[in-house]
Amino acid sequence: MNDHAPVSAEELEPPSRGAARARFGGTPTSFLAARAVVGTAVQTDDGRSEASRESEQHRATSFRRKHFPTASATEWRDWQWQVRNRLARLEALERVLVLTERERRAIEAHRGQLPFAVTPYYASLLDPLDSEQPLRRTVIPDVMESVVVSGEAIDPLAEEAQSPVPGLVHRYPDRVLFLVTAFCSTYCRYCTRSRVVGDLGELQPSPHQWEAALRYIAGHTEIRDVLLSGGDPLTLSDDKLQWLLGRLRAIPHVEIIRLGTKVPAVLPQRITPQLVWMLRRFHPLMMSLHFTHPDELTPEAAKACARLADAGVPLGSQTVLLRGVNDSVDTMRRLMHGLLRLRVRPYYLYQCDPVVGTSQFRTPVQSGLEIIAGLRGHTSGYAVPTYVIDAPGGGGKIPLAPDALVGREGDDVLLRNYEGKVFRYPDTTEGAKP
Ligand code: SF4
């Protein structure tokens, strides 16, 4: 980490917001110019206008020169440099953000798992002044993390109870969740696995740790689908990942391998040509990408997704519905449209799990239903994810949709369309062959 003077008291009390903006990022090269890149007028193949793409490039360069003046552009593009230079201490964070009292108290009081850490790249997307900015809320701790409300649990999905060997969750008949590391480059404050993720988590990424899980998968011929998650599996080195994928591919009944990752959003530099060259040897291999907000759909993220898509990796997205972050039809539509432009198919919209300390993020279920109602029929079906609640206690994902089946009259079912109009469908088997 480069050493800079922390923010002075004078800077914390700027005469105007504009002056502080100039100090922390300035216009027109600040994060503000990089926002709302989806939906601009003249768009290129990744869905951006040339102007917005240029301003985003300027954003990263400006941030690097300001906060990491000794780092070269090559270093900035190196994913390992990004990991080594994560902002993971209060002093480091204060060099790039004006922290609120709530944020500072939360960071100082933090103990245990789910540490805070943000890659320099992702930090360049954060608003230095606005603690309510959606991206900032997802990665910077707040004092509400220490508040536990009724219904919350450390392991709400009862993964530990469905874990036959360490690091493996076998909930559904034909597939398993394989937690291969506890490490993430950037930690989400609403993480479902906050009980295990962290730099020193119990899930150590090593072949020794993985052997028991591999033996279990090999011994259960009903397992045809393995989802690698964690932590973030794409934070493993190419060598380790290749070793692991090779072992899984050697098991005859494993048909598909999936990876769940937030890397394209928080560490897109990780998606190197070498990585995708290695991954394509293990097809059919799919990825579930964790995107939360359209502001994450930067040129860097677009490039990462393009490399994966070009390597034949089917890309789906998983988005957690978060209060004050993405809980509006407009934000969700922009996110889903932007993802499709990056060749990422919206897959799941998750109701936020009742993990301890996450009440500030949870919305009423009705909000999720209204968002789906605002998308379904109003835009391409491909842009509408399935809204699910992962049932507390280990019941698995349960899909939710606004009621379309209004009732029945005789042989007709009554159906409500996206405009609220009711239609009849003749639901009769009359005339069918006996
Ligand atoms: S990337 Fe996934 S595992 Fe890592 S902190 Fe975020 S939600 Fe948790």
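In which sense do strand 10 and strand 11 pair, and over how many bridges? In this predicted model, strand 10 and strand 11 (residues 412–416) pair in the antiparallel sense, over four bridges. One position that illustrates the pairing is R408, whose bridge partner in strand 11 is V413.

These two strands belong to an open sheet of three strands, in which the order is 10-11-12 and the pairing is antiparallel. Strand 10 (405–409) and strand 12 (422–426) stand at the edges; each has a single partner strand, and therefore one side of each is left without a neighbour in the sheet. On average, neighbouring strands of this sheet are turned by 30° against each other, direction ignored.

Parallel pairing is found elsewhere in the chain, between strand 2 (residues 175–179) and strand 3 (residues 225–229), which are joined over five bridges. Here L179 stands opposite S229 of strand 3. Strand 3 also runs parallel to strand 4 (residues 256–261), with four bridges between them, and L228 stands opposite L259 in strand 4. Between strand 3 and strand 4 the chain passes through helix 12 (residues 238–249), forming a β-α-β crossover that is right-handed.

A further point of interest is W76, which lies in helix 5 (residues 73–76). W76 counts as buried because it has 20 C-beta neighbours inside 10 Å, and a residue is buried if 20 or more other C-beta atoms lie within that distance. Apart from its neighbours within four places in sequence, W76 is in contact with R64, A71 and W81. The C-alpha atom of W76 is also separated by 8.5 Å from that of Q269, although the two residues are 193 residues apart along the chain.

Note on methods. Residues are numbered from 1 along each chain as its sequence is written. This is a predicted model: local features need pLDDT of at least 70, side-chain atom pairs count only at pLDDT 80 or more; totals for chains, interfaces and linings use all residues. A residue is buried if 20 or more other C-beta atoms lie within 10 Å of its own, exposed if 12 or fewer, and partly exposed in between; C-beta atoms are placed from the backbone. Two residues are in contact if their C-beta atoms, placed from the backbone, lie within 7 Å. Two strands pair if DSSP finds at least two bridges between them. Axes are lines fitted to C-alpha atoms, for helices over the stretch in contact, and angles run from 0 to 180 degrees between N-to-C directions. A crossover is right-handed if, with the strands pointing away from the viewer, the path from the first strand over the helix to the second runs clockwise.
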